[in-house]
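Visitor: I should like to understand the terms used for this protein. Would you take me through the reasoning behind them?

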Amino acid sequence: MSGTALILAGHGSHVSANTAGIVWSYVDRLRSWGVADEITACFWKETPAFSQVLDAVEADDVVIVPVFTARGYFTSEVIPSEMGLNGSETIRDGKIIHLTRPVGEHPHLQSVVERQLRASLEKLGLSPADTAAAIIGHGTRRNRQSRDTARYQAQRIRELNWLSEVVDVYLDDEPDIPSVYQLTRTPNIIALPYFVAEGSHVRHDIPRALGIAELDSVNRVNGRSVYYCEPVGSDESICHLILALARETGLPFEPQEAIGEWRGFPRAGRSTLLQALESERILKFGQVMVNRKRAWHRENETGGEVFSSPAALREYVREAPFRPLASSADLPAGWRVDLDDAKDAHAVIETAYPGLIADWAAKERGALKIESLEDIGKRQSGMFKDIHRLPQNVIMIALDKVCGNCVRQPAWWPEMSDEGSDPPCRSACNLWLSTARGLGDTAS
């Protein structure tokens, strides 16, 4: 299959809908612009996983844009390892796979930082001479490069000479966030999270480290007035920045005419689904039922709220309450989607269960790629290294806790690989790995 695919690689979260939510919002906007034949996202902690997303697209040219604010451990080590990439360009299985620089390295982000600081200063009526800016990065001791972009942003704002003081501090590195009160002397501090999304770090960890309780108003800490900004990733121009990085590969990614709300999705498995819908009146995938005219939660075919956009459906099934595992067996009921085209059935299922149809179709063809725990444990260099060496009882408890509440069958575990007719799960998800690792640590 010819064409182009654009994949946004983010971190995701087990506790906050916003971390991956902002990335999905970029995907929705880019799909509406029609900039590629297939557009999707992938994550470390959510689905689709880094390691599986390439099998969900059919395009010959694939561009992966890391939605991270710095080049660090995830962009330099985790993403290449999980995706099997060997640099900025990898040729595999007839695909040319491009890996771009992370979003935080694009020069345009400099203007985003400056614009947010100036807007905060004006909104709050603060004097530049009495105000310091704190650019707050994540940082990590595992990769010293992770501080470079936040440090560069602070240096650039400092060189403009319009604020009294500008410092860079870090959540997981030095100088740490509380040191902002020793590094600055002005009565006012504007704290700007150099993060993509309002996830748990932005909403909880950073405010706690700053000693502030109110995110939307002035806080008094150590005799100083502290004002908290939205993260840089909330700026609406980020999508243009993503396209600029994607175009550095030489591929055009030009906006096209409006193509419909349910178009621009990854295509792997779609033709198999359409063939099945020709011969079967109704198909069931987890808790979603579908025919050629409608998709719905299995508890209500005709009633419930009618959704006409992927963004609205995703918010409904993912965020209230937040479900870190999209395929968990607690998909909210009370909805349906009326289809203008039978092809849109695939997009609805992909919205509820990202990556599921690609794996289901691969199993139907006898081509499902199983990744065992041993495969994962051997390629990992971080916290999941040797995960396959966990005691058998720990593995079984984790299977019960996570897989027992999932609509997918864990085909990656030999004892369950052929059980039932549920859609297959070909590799242990990050939630399972994290759960098993935590159980193992407790047991030891």
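Guide: The following exchange concerns a predicted model and the grounds for the terms applied to it.

Visitor: What makes the protein as compact as a globular protein of its length?

Guide: The protein has 14 helices and 17 strands. Its radius of gyration is 23 Å, close to the 22 Å that the globule rule gives for 444 residues, so the comparison with a globular protein of that length holds. The C-alpha trace spans about 70 × 55 × 45 Å along the principal axes.

Visitor: What share of the residues is buried, and what share of the contacts links residues 24 or more positions apart?

Guide: Buried residues amount to 57% of the 444. Among contacts with a separation of 6 or more, 73% are between residues 24 or more positions apart. The protein exposes about 19000 Å², and carbon and sulfur atoms supply 47% of that area.

Visitor: How are the charged side chains divided, and how far apart are the centres of the two sets?

Guide: There are 48 positive and 60 negative side chains, and the two centres lie 2 Å apart.

Visitor: Why are β11 and β14 called edge strands?

Guide: The sheet concerned is open and has 5 strands in the order β11-β12-β13-β15-β14, with mixed pairing. Strands β11 (283-285) and β14 (305-306) each pair on one side only, which is the ground for the term.

Visitor: How do you know that β12 and β13 pair?

Guide: Two strands count as paired if at least two bridges are found between them. Strand β12 (residues 288-290) and strand β13 (residues 294-297) are joined by 3 bridges, so the criterion is met. The two strands run antiparallel, and Val288 has His297 of β13 as its bridge partner.

Visitor: Why is helix α11 described as largely enclosed?

Guide: A residue is buried when its relative accessible area is under 20%. In α11 (residues 356-364), 7 of the 9 residues are buried, and the helix is therefore largely enclosed by the rest of the structure. The buried residues are Leu356, Ile357, Ala358, Asp359, Trp360, Ala361 and Ala362. Their cover includes α8 (270-279), β11, α10 (344-352) and β17 (424-425). After α11 comes Gly366, with a positive phi near 75°.

Visitor: What makes Asn161 and Asn222 worth pointing out, given their phi values?

Guide: Most residues other than glycine have a negative phi. Asn161 is not a glycine, yet its phi is positive, about 60°. Asn222, also a residue other than glycine, has a positive phi near 55°.

Visitor: Where do these two residues lie, and are they buried or exposed?

Guide: Asn161 is in the loop between α4 (148-160) and β7, while Asn222 is in the loop between β9 (219-221) and β10 (224-228). The term exposed requires a relative accessibility over 50%. Asn161 is at 66% and therefore counts as exposed; Asn222, at 59%, also counts as exposed.

Visitor: How do you know that the peptide bonds from Thr47 to Pro48 and from Glu174 to Pro175 depart from the usual form?

Guide: Most peptide bonds are trans. The bond from Thr47 to Pro48 is cis, with omega near -5°, and Pro48 lies in the loop between β2 (38-43) and β3 (61-66). The bond from Glu174 to Pro175 is likewise cis, with omega near -5°. Pro175 lies in the loop between β7 (165-170) and α5 (180-183).

Definitions and conventions. Residues are numbered from 1 along each chain as its sequence is written. This is a predicted model: local features need pLDDT of at least 70, side-chain atom pairs count only at pLDDT 80 or more; totals for chains, interfaces and linings use all residues. Side-chain values use heavy atoms; hydrogens and water are left out. Helices (H or I, at least four residues) and strands (E, at least two) are DSSP runs, numbered from the N terminus. The radius of gyration is taken over C-alpha atoms; the globule rule is 2.2 Å times the number of residues to the power 0.38. Buried means under 20% relative accessible area, exposed over 50%, partly exposed in between (1.4 Å probe, protein chains only). Contact means heavy atoms within 4.5 Å. Accessible areas come from the Shrake-Rupley method with a 1.4 Å probe; for residues, only the protein chains shown count as cover. Lys and Arg count as positive and Asp and Glu as negative; His and the chain ends are not counted. The place of a charge is taken as NZ of Lys, CZ of Arg, CG of Asp or CD of Glu.
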